[in-house]
There are 2 protein chains.
Amino acid sequence: MINVAIVEDNKTIREGLAALINGTTGYSCIGSFNDCESFLDKFKSLSIDVVLMDIALPGMNGIEGVKKAIEIEPGLDILMLTIYEESEVVYEALCAGACGYLVKKTPPSSLLEAIKEVHEGGSPMSSRIARQVINTFKEGKNATPEKGEDQLSEREKEVVNLLAQGNNYQGIADRLFISVDTVRHHIKNIYKKLHVHTQTEAVAKAIRKKLI
Amino acid sequence: MINVAIVEDNKTIREGLAALINGTTGYSCIGSFNDCESFLDKFKSLSIDVVLMDIALPGMNGIEGVKKAIEIEPGLDILMLTIYEESEVVYEALCAGACGYLVKKTPPSSLLEAIKEVHEGGSPMSSRIARQVINTFKEGKNATPEKGEDQLSEREKEVVNLLAQGNNYQGIADRLFISVDTVRHHIKNIYKKLHVHTQTEAVAKAIRKKLI
DNA sequence: TACAAAACCACACAAATATGCGGTTGTAAA
DNA sequence: TTTACAACCGCATATTTGTGTGGTTTTGTA
């Protein structure tokens, strides 16, 4: 039996969802709220498995609501409901801690299926949303070591790394068994490649571009 | 008409997929390879919309294959095929540039649907995989700004930020409307808090600890 | 083989930095 | 009210850095 709670301001939708859930074997709607505030007030006393939360709500919006709920109960599975698949909102909701994402026009059978998937550790979402999530997450990770000008040679990467560790020219020279002037030379080339003029800026850029 | 290419070493699966695709209106299998090498060799001359690529391949594996293909044609839509939903592999494949993820036991109708979704800009994947992706991507983002000794004051964070942007003391002073000596003072305190002795090290540490 | 790129070395000098000392003011907790 | 801390300001000086110039050697590849 999956215990579901609903947070949705539109009475028709809310009651429709509750009826659907309660009318299906294996599902039970044990809470129904028309705003985040009252949900946050009560949810601790209920043993909820999955929350369906609307994003556009009067007062505190769904994203804020997710944040607060997750703060209190980090393991809670929350499925967002929305009318439009808007990139920005999706991103925020997932960052806030939502587990998945449903558009309201989702047919009842899929909706029930999604609730089950969330409960079993999945993250149901449309493939379009998934692509957005992947893109965002790749931005953060790869940060495309963009080919071309900013490609540092192995030696140069070593130098930048040692710089980032707080070594001065002499320290780098000692560690790489080269002269201080060579270090200076490498750093000059690094500056050229990264379009910077100070150690600090070079290291910041290198880290952010995941070059080191 | 969606033009599909297949890279799969198992002859039975490969020919089965090709037959399925060619036997469906709106889909056409225009290439079929049993390893990445031959695919990479030929794919530029074909006008491929979607690639189905096995992950476990003899010689170059599917993940390497994706990397190389994306390098040559960044916009290419590649759907990975695999037997198991393994976290590590999924993660790597998506990072490498794959658009989605299918387990081989996927029924034909879903498979065709997935190809269509990819072609329309989606990223089909099971909800379990989606959860993994989301978790990974959240790790990358949040990255706990560890509280404690390394807590910089607001002002100090501003200073570190400006440092990381390549400003010198005078530049920072100008932007914050304070004297160079005050900047100097802030930086001294930052060094103390972060246990470093150079700008470069401070910025590196601040970025890595997500303080800025 | 010839050519480019990476890695190496050296000298000079103006500019910027790190570190020491000294201080004032305002706010918030003990 | 005292204590603590953030933010502010000033000065002196040895050290480090950034930038210019000039080179050699090694290595991979056309």
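In helix H7 of chain A, the residues Glu156(A), Val159(A), Val160(A), Leu162(A), Leu163(A) and Ala164(A) are buried. A residue counts as buried if 20 or more other C-beta atoms lie within 10 Å of its own, as exposed if 12 or fewer do, and as partly exposed in between, with C-beta atoms placed from the backbone. Helices (H or I, at least four residues) and strands (E, at least two) are DSSP runs, numbered from the N terminus.

This is a predicted model, in which local features need pLDDT of at least 70, side-chain atom pairs count only at pLDDT 80 or more, and totals for chains, interfaces and linings use all residues. Residues are numbered from 1 along each chain as its sequence is written, and chains are lettered from A and ligands numbered from 1 in the order in which they are written.

## Chain A and its helices

Chain A contains 10 helices and five strands. Of its 212 residues, 39% are buried. Two residues are in contact if their C-beta atoms, placed from the backbone, lie within 7 Å. Among contacts in chain A between residues at least 6 apart in sequence, 61% join residues at least 24 apart.

The buried residues of H7(A) pack against helix H8 (169-176), H9 and H10 of chain A, and also against H10 of chain B. After H7(A) comes Gly166(A), which has a positive phi near 95°.

Helix H10(A) is mostly covered, with nine of its 10 residues buried. Among these buried residues are Thr200(A), Glu201(A), Ala204(A) and Lys205(A). Their cover includes H7 and H9 of chain A together with H7 and H10 of chain B.

How do the axes of H7(A) and H10(A) cross? The axes of H7 (residues 154-164) and H10 (residues 199-208) of chain A come within 10 Å and cross at roughly 110°. H7(A) is therefore roughly perpendicular to H10(A). Axes are lines fitted to C-alpha atoms, for helices over the stretch in contact, and angles run from 0 to 180 degrees between N-to-C directions. Angles under 35 degrees count as roughly parallel, over 145 as roughly antiparallel, 65 to 115 as roughly perpendicular and the rest as oblique. On the H7(A) side, the contact is made by Val160(A), Leu163(A) and Ala164(A), and on the H10(A) side by Gln199(A), Ala202(A), Val203(A), Ala206(A) and Ile207(A).

In chain B, the axes of H7(B) and H9(B) come within 10 Å and cross at roughly 100°. H7(B) is thus roughly perpendicular to H9(B). Arg155(B), Glu156(B), Val159(B) and Val160(B) of H7(B) meet Val183(B), His186(B), Ile187(B), Asn189(B) and Ile190(B) of H9(B).

## The two copies

A rotation of 179° with 1.4 Å of shift along its axis superposes chain B on chain A, with an RMSD of 2.3 Å. The two copies are thus related as by a two-fold rotation axis. Copies are superposed by least squares on the C-alpha atoms of residues with pLDDT of at least 70 in both. In chain B, the C-alpha nearest the axis belongs to Thr200(B), 2.0 Å from it.

In all, 36 residues of chain B are in contact with 37 residues of chain A. Helices H4, H6, H7 and H10 of chain B each give two or more residues to this side, and H6(B) supplies the largest share, 11 residues. The copies meet through the same surface, because 100% of the interface residues of chain B are also interface residues in chain A.

Gly122(A) lies in the loop between helix H5 (108-119) and helix H6 (127-141) of chain A. Gly122(A) counts as buried because it has 21 C-beta neighbours inside 10 Å. Not counting residues up to four places away in sequence, Gly122(A) touches Glu117(A) and, in chain B, Ser126(B), Ser127(B), Arg128(B), Ala130(B) and Arg131(B).

## The surfaces near DNA

A residue is near a strand if its C-beta atom, placed from the backbone, lies within 6 Å of it. Of the 20 residues around DNA strand C, Ser153(A), Arg155(A), Ile178(A), Asp181(A) and Asn168(B) come nearest. Of the 19 residues around DNA strand D, the nearest are Asn168(A), Ser153(B), Arg155(B), Ile178(B) and Asp181(B).

The table divides residues by class: Ala, Val, Leu, Ile, Met, Phe, Trp, Tyr, Cys and Pro count as nonpolar, Asp, Glu, Lys and Arg as charged, and the others, Gly among them, as polar.

| Surface or contact | Nonpolar | Polar | Charged |
|---|---|---|---|
| Surface near DNA strand C | five residues | eight residues | seven residues |
| Surface near DNA strand D | four residues | eight residues | seven residues |
| Side of chain B that touches chain A | 15 residues | 14 residues | seven residues |
| Contact of H7(A) with H10(A) | seven residues | one residue | no residues |
| Contact of H7(B) with H9(B) | five residues | two residues | two residues |
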